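Trainee: Could you take me through one part of this model at close range? I would like a single connected account of how that part is put together.

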Amino acid sequence: QGFKVATQPASRRTSLVARSFAKMFAGKKAPRDELCDMSVAVFNDDAMKARLPSRVYSRFREALVTGAATSEDDMKVIAESMFAWAREQGAVSFAHWFFPIRGG
């Protein structure tokens with residue numbers, strides 16, 4: 001006994017698969033796609049501007065442009081703000097990986 005090779009055209013096989021899935025999930029809610037929830041909560045520039053003290057935000061943005069080091073005090077304020085923000089978003093586990101992205 002060997003394996004059967006699909007001899008139907010691809011379009012027919014595709015429609016068979018689609019009909020099979022339609023039957024499987026008829027009257028049921030479609031399975032949830034976890035990837036749809038990716039990147040819906042990002043600690044981006046808008047979030048930083050809203051949460052950080054204006055002086056810390058300005059120094060951080062300047063450091064991104066000039067390539068200067070961010071001070072330890074500013075890093076601590078940014079990390080604490082990011083942690084509080086993440087908890088507000090419902091995070092229960094948190095890893096802090098701090099490195100500014102510089103284009104140059």
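Mentor: Happy to! Let us begin with a term we will need: a residue is called exposed when its relative accessible area is over 50%, and buried when it is under 20%. Please keep in mind throughout that this is a predicted model.

I suggest we look closely at helix 4, with a few words on the setting beforehand. The chain contains four helices and zero strands, so to speak in the order α-α-α-α along the sequence. Of its 104 residues, 15% are buried. Among the contacts with a separation of 6 or more, 48% are between residues 24 or more positions apart.

Now to the helix itself. Helix 4 has 17 residues, and from its first C-alpha to its last it reaches 24 Å, close to the 24 Å expected at 1.5 Å a residue. Which of its residues are buried? They are Asp74, Ile78, Ala79, Ser81, Met82, Trp85 and Ala86. These residues are on the same side of helix 4, because they cover an arc of only 165° around the axis. On the other side you will find Glu72, Asp73, Lys76 and Glu88, which are exposed. The cover over the buried residues of helix 4 includes helix 2 and helix 3.

That brings us to the largest nonpolar core, which has 11 residues: Phe43, Ala47, Met48, Leu52, Val56, Tyr57, Phe60, Ile78, Met82, Trp85 and Ala86. Helix 2 (45-51), helix 3 (54-66) and helix 4 (72-88) are the elements that give two or more residues to this core. Helix 4 gives the most, with four residues. There is a general background to this: in soluble globular proteins, nonpolar side chains tend to be buried together. Leu52 is a good core residue to click on, and beyond its neighbours up to four places away in sequence, Leu52 touches Tyr57, Val77, Ile78 and Ser81.

The buried side of helix 4 is not purely nonpolar, and Asp74 is the residue to visit next. Asp74 lies in helix 4 and has a relative accessible area of 6%; since the limit for buried is under 20%, Asp74 counts as buried. What does the side chain of Asp74 pair with? Its partner is the side chain of Arg59, through a polar contact of 2.8 Å. Setting aside residues up to four places away in sequence, Asp74 touches Val56 and Arg59.

Val56 leads us over to helix 3, where Val56, Tyr57, Phe60 and Ala63 are buried. Seen down the axis of helix 3, these buried residues fall within an arc of 125°, so they line one face of the helix. They pack against helix 2 and helix 4. On the other side of helix 3, Ser54, Arg55 and Val65 are exposed. Helix 3 has 13 residues and reaches 18 Å from its first C-alpha to its last, close to the 18 Å expected at 1.5 Å a residue.

How does the chain pass from helix 3 to helix 4? Helix 3 is followed by Gly67, whose phi is positive, near 85°. In the loop between helix 3 and helix 4 you will also meet Thr70. Thr70 is buried, with a relative accessible area of 12%. Apart from residues up to four places away in sequence, Thr70 touches Phe60, Ala63, Met75 and Ile78.

Finally, let us go to Glu88 and the residue it pairs with. The side chains of Glu88 and Arg51 are joined by a polar contact of 2.9 Å. Arg51 is found in helix 2 and, at 30% relative accessibility, counts as partly exposed. Leaving aside neighbours within four places in sequence, Arg51 is in contact with Phe43, Ser81, Ala84, Trp85 and Glu88. Arg51 and Met82 are 31 residues apart in sequence, yet their C-alpha atoms are 8.5 Å apart in space. After helix 4 comes Gly90, whose phi is positive, near 100°.

To retrace the route on your screen, start from the buried residues of helix 4, which include Ile78, Met82 and Trp85. Then turn to the contact between Asp74 and Arg59, and end with the one between Arg51 and Glu88.

Conventions. Residues are numbered from 1 along each chain as its sequence is written. This is a predicted model: local features need pLDDT of at least 70, side-chain atom pairs count only at pLDDT 80 or more; totals for chains, interfaces and linings use all residues. Side-chain values use heavy atoms; hydrogens and water are left out. A nonpolar core is a set of buried Ala, Val, Leu, Ile, Met, Phe, Trp, Tyr and Cys residues joined through side-chain atoms within 4.5 Å. Buried means under 20% relative accessible area, exposed over 50%, partly exposed in between (1.4 Å probe, protein chains only). Contact means heavy atoms within 4.5 Å. The expected span of a helix is 1.5 Å times one less than its number of residues. The arc is that of the directions from the helix axis to the C-beta atoms. A polar contact is a pair of N or O atoms within 3.5 Å; within protein, one must be able to donate a hydrogen and the other to accept it, and residues adjacent in sequence count only if both atoms are side-chain atoms.
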